[in-house]
Amino acid sequence: MKKSSIILIGIIAIAIAMILVIYTDSSTYSTFSEAKEKQTELYVVGVLNKDKELMYDPVKDANHFSFYMYDNDSTECQVVFNGSKPQDIERSEQIVLTGKMEGNTFHASKILMKCPSKYNQDQMEVIETTAEPKTAFVN
Amino acid sequence: MDVKFVGENLLPGQIGQFFVILSFGAALFSLISYFFAAKNPEETSWKKLGRIGFWLNALSIFVIGATLFYIIYNHLFEYHYAWAHSSTTLPTHYIISAFWEGQEGSFWLWMFWQVILGIVLVFKSKSWEAPVMTFVMLCQLFLSSMLIGVEIFGSRIGSSPFILLREAMTWPILNDPNYLSMIKDGRGLNPLLQNYWMVIHPPTLFLGFASMIVPFTYAAAGLWQKRYKEWINPGLPWALFAVMILGAGIIMGSFWAYEALNFGGFWAWDPVENVSIIPWFTLIAAVHVMIAFKNSGHAYFTSAFLCLISFVLVIYASYLTRSGILGETSVHSFTSLGMSGQLIIFNLTFLGLMIFFLVTRKKGMPSTQKEEEIYSREFWLFIGALVLTVACVQMIATTSIPVFNALFGTKVAPPIDPIPHYNKWQGAFAVVVMLLTAFTQFLKYKRSDSKKFWAATLASFVFAILISAVIIYFTHVYTNVMYILITFSAVFCILANLRILGDAFKGKWRLAGSAVSHIGFGLLLIGALIAAATNEVISVNQENYIAVAGFDKVEKPGENLFLTEGEPVQMGEYKITYVGDSVAAPNVFYKIKYEKIDEETGQMLESFILTPFAQNNPQMGGLIGTPGTKHFLTHDIYTLITAAASDSQAAATPKQEGEGTNLEEYDEPATYKVAVGDTLRYRNGYYVIESLDHNATVENMSKGENDLMVKMKIKVVSAEGKEYPVEPVFVLKNNNYFDFPKTVEEQGLMFRFTKVLPADKKLELMAYQKPLPQKKWVVFKAIKFPYINFFWCGTIVMTIGFCMAIYRRVKDGRNKQNREELVS
């Protein structure tokens, strides 16, 4: 057997081992109740509770933002984020949080939002149409 | 119902759509002709037809581009593309960015470059023209199909940039014949793309992507035509060209991300970034094994495989970023246009071609029976290529998690924190690759003297240890073993290649190109490592600061600092002040002053003002900040506004209310009975009633006999000692009395002279004050990036090295051709 073939096989073995390790590194999308059980860093997907107030007072603390979110099982939970308020969160239609549960609040280290403006062009334009006729039909 | 729409300019769209169809037809025609030309090289008519098809396709692409530009430039909002990607307020140079903001425009850009490359190939590739152009036109056929936008058998093929707004949208107002007069403006360009780098980065990146097809076509043509060995020579300069341009394009993107995006860094291992760097790695590997094959006859299969897979990966990249499949994992991929099926077919076709040629031509491939020597350059070039490929496998595996989820219906989430995940793997690969790049320089092809090799390697090794120890000490990267290893291996690589460069000065110019690009890559790696490993958030709030162990760069407590206008805050070694803002619609520029003061002498050591800006763009999702960065030789100070008082943002949106005295703007008034000579206080100073003028006149008002027009002269003195005269007027006309208020805008004051009270010998004065303006504030984040200049410098050096290498390979190829012509 040639040296290069041996090395090739060796490298393929490393590649396979590597992919297996990557999947142990990967995470799962879970819910607040699971987060409570596991107590580790994970993803929670859900929607913003738009009825409750979003709390961000930069004058008091520029690094404290909290809000309420429903996860995919419709469990509501308070989320605390150590950072400034992402500006378009009110308009988000889906939120992916990274973080862990501490007591009864979820401490998020990262917030990823899906916003209609970026991901669903048509929906945003529906919002625009409702605003349009006010000025449009004057003439 | 047939509605006649008013004001539409339909001609450009019709021209455009015609040429879209023509470009598709011409590509198909050219593909078929070139295919038969490659099969029957004796019949020149096939080749002629192929060329006609190609030129027709080229013409169509130019016309499509010109028409689309015309539509955007003239703000023809009846076209969806113009409406969706531009607005009337967009400066001309950003109209160019608007052109390729959408998928259709970026597909056009790809086709355009492919046409330019095609022109070079038609003129320069000689006997390779027919087979090479067959593959180019096949790709062009797929790309043109992306713009067709016609429904066939119930499924839409492609998405046309010439679709009308009323066809694309279903708003009720679009049924109105007059709808165009209601569409005042387009949606505008995403503010993140309103950056000069966005004018230059996409064309470079797409030229890089487009030129990856040339090595593919040469490899495929070589296998197809069984001209196994010949394709390496013409293919090599093209592969180098593609690597150079794509590399420059990727780093430009990284520079744009650093200068204009708000994630606070230059590389985030975002899927969109990964998919562009993967084919770059594989083609770099390809270049190395191609050279190994040229010099030793080894690694033929690997060369062909890597050239072919690189372009397949380019198409895969385009599938990932354009199909919307990355939606949950990437912030900046394109939205889905419902073309993923088409993209998958495109991808599978080229993958199929690759497998077909590699399998059916396996037997004919040149191979050497002789085993590689351990002490030979080709052996280690081969190993290096394999390591690069494995590095790609890692990136593909993690980036493709959403694809695997879609394929197998699983719900695996990507790693929680992608940056450490990728750094862990790619850091290890970088060390191995850099070590290989270093010691392989001391090996010769076929067989080297092991004693000489070890002597040269050890000497450089010792020097590398010394120099990297100094670098590691001064840049503080000694906290992590991986950092130390990467720094050392990069220094080792630079030193080894400097030796080669030294030989070049003695006359061996041939190897200078590779040495320079290796040095550039080494510098780039050191710069990236130091900047990424030791960047620190300097806007830490003293009270809120909580030390977090480890190196995770996620939002730590206290990364944002609150600043009130005019109130300095000490931040590390800097005293920072928010000195104010200025508005240049739609952006608000915030002036943040940095001062470094020597504590003992009180001397000002450094003072500069950064102006990060932000625009409130509700359509694009709220406040979008663009950082301001101060570049020093050894580090950068980066500042980003993360939140701001809304009133300064409101000023950036045009005001519509009329001028004048809007009582709603003022607090409840205070009513005083005053006499001449009285002094009264207000919030920011005092005012004196100086005198009365009974002979006041009021414009457009005649004064009758019994009428009274009295002007009260008031002197307002602010706390700063500024004086403002103001003269409210009281009028009694035809037994009706009314008054003319007067304002002092600077002090937010308004006075009304409302009554004359002869009984008390007093005058009634109403003083209005505006509520105190809320102090302006910003929340911002500042990061210090040390030694990031190495990163940019390294890129430039590397690109120069590639240019030198291309020059050499083109010259070699020419010499060889001349020699062959002389022989025959």
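How many Å separate the C-alpha centres of domain 2 and domain 3 of chain B? The legends below begin with that view. The model is predicted.

**Figure 1. Domains 2 and 3 of chain B, with their C-alpha centres 44 Å apart.** The domain assignment of chain B gives three domains. Domain 1 covers residues 1-189. Domain 2 covers 568-643. Domain 3 is written in two pieces, 668-696 and 704-769.

**Figure 2. A four-stranded open sheet in chain B.** The strands run in the order β14-β23-β22-β21. Their pairing is antiparallel. At the edges stand β14 (670-674) and β21 (742-744) of chain B, each of which pairs on one side only. From one strand to the next, the twist averages 30 degrees.

**Figure 3. Strands β21 and β22 of chain B, paired side by side in the antiparallel sense.** Strand β22 takes in residues 749-757 of chain B. Three bridges join β22(B) to β21(B). To find the pairing, look for B:K742, which stands opposite B:F751 in β22(B).

**Figure 4. Helix α10 of chain B, residues 213-224.** This helix has 12 residues. From the first C-alpha to the last, α10(B) reaches 16 Å, close to the 16 Å expected at 1.5 Å a residue. Is α10(B) largely enclosed by the rest of the structure, or largely open? It is largely enclosed, because 12 of its 12 residues are buried. Among the buried residues are B:F216, B:Y218 and B:W224. B:P215 and B:G222 are buried too. Just after the helix comes B:K226, with a positive phi of about 55 degrees.

**Figure 5. B:V491 and its surroundings in helix α19 of chain B.** Helix α19 spans residues 481-505. B:V491 has 27 other C-beta atoms within 10 Å; the cut-off for a buried residue is 20 or more, so B:V491 is buried. Which residues does B:V491 touch, leaving aside its neighbours within four places in sequence? The contacts are B:A464, B:I467, B:S468 and B:I471. B:I465 is 26 residues away along the chain from B:V491, and the two C-alpha atoms are separated by 8.2 Å.

**Figure 6. Chain A as a whole.** Chain A has five helices and seven strands. Along the sequence, the pattern reads α-β-α-β-β-β-β-β-β-α-α-α. The chain has 139 residues, and 26% of them count as buried. Take the contacts in chain A with a separation of 6 or more: residues 24 or more positions apart account for 49% of them.

**Figure 7. Residues 6-23 of chain A, a span that is 100% helix.** UniProt places the feature "transmembrane region" here, in an unreviewed entry. No strand appears in residues 6-23 of chain A, at 0%. The end C-alpha atoms of this span lie 26 Å apart.

**Figure 8. The loop that holds A:G103.** This loop lies between β6 (94-102) and β7 (105-114) of chain A. Is A:G103 buried or exposed? A:G103 has 8 C-beta neighbours inside 10 Å; 12 or fewer is the limit for exposed, so A:G103 counts as exposed. A second glycine, A:G46, is 57 residues away from A:G103 along the chain. The C-alpha atoms of A:G103 and A:G46 are separated by 19 Å.

Technical notes: Residues are numbered from 1 along each chain as its sequence is written. Chains are lettered from A and ligands numbered from 1 in the order in which they are written. This is a predicted model: local features need pLDDT of at least 70, side-chain atom pairs count only at pLDDT 80 or more; totals for chains, interfaces and linings use all residues. Helices (H or I, at least four residues) and strands (E, at least two) are DSSP runs, numbered from the N terminus. The expected span of a helix is 1.5 Å times one less than its number of residues. UniProt positions are given in the numbering used here, feature names are shortened, and annotations may be inferred rather than shown by experiment. Domain bounds come from an automatic or database domain assignment. Two residues are in contact if their C-beta atoms, placed from the backbone, lie within 7 Å. Two strands pair if DSSP finds at least two bridges between them. Axes are lines fitted to C-alpha atoms, for helices over the stretch in contact, and angles run from 0 to 180 degrees between N-to-C directions.
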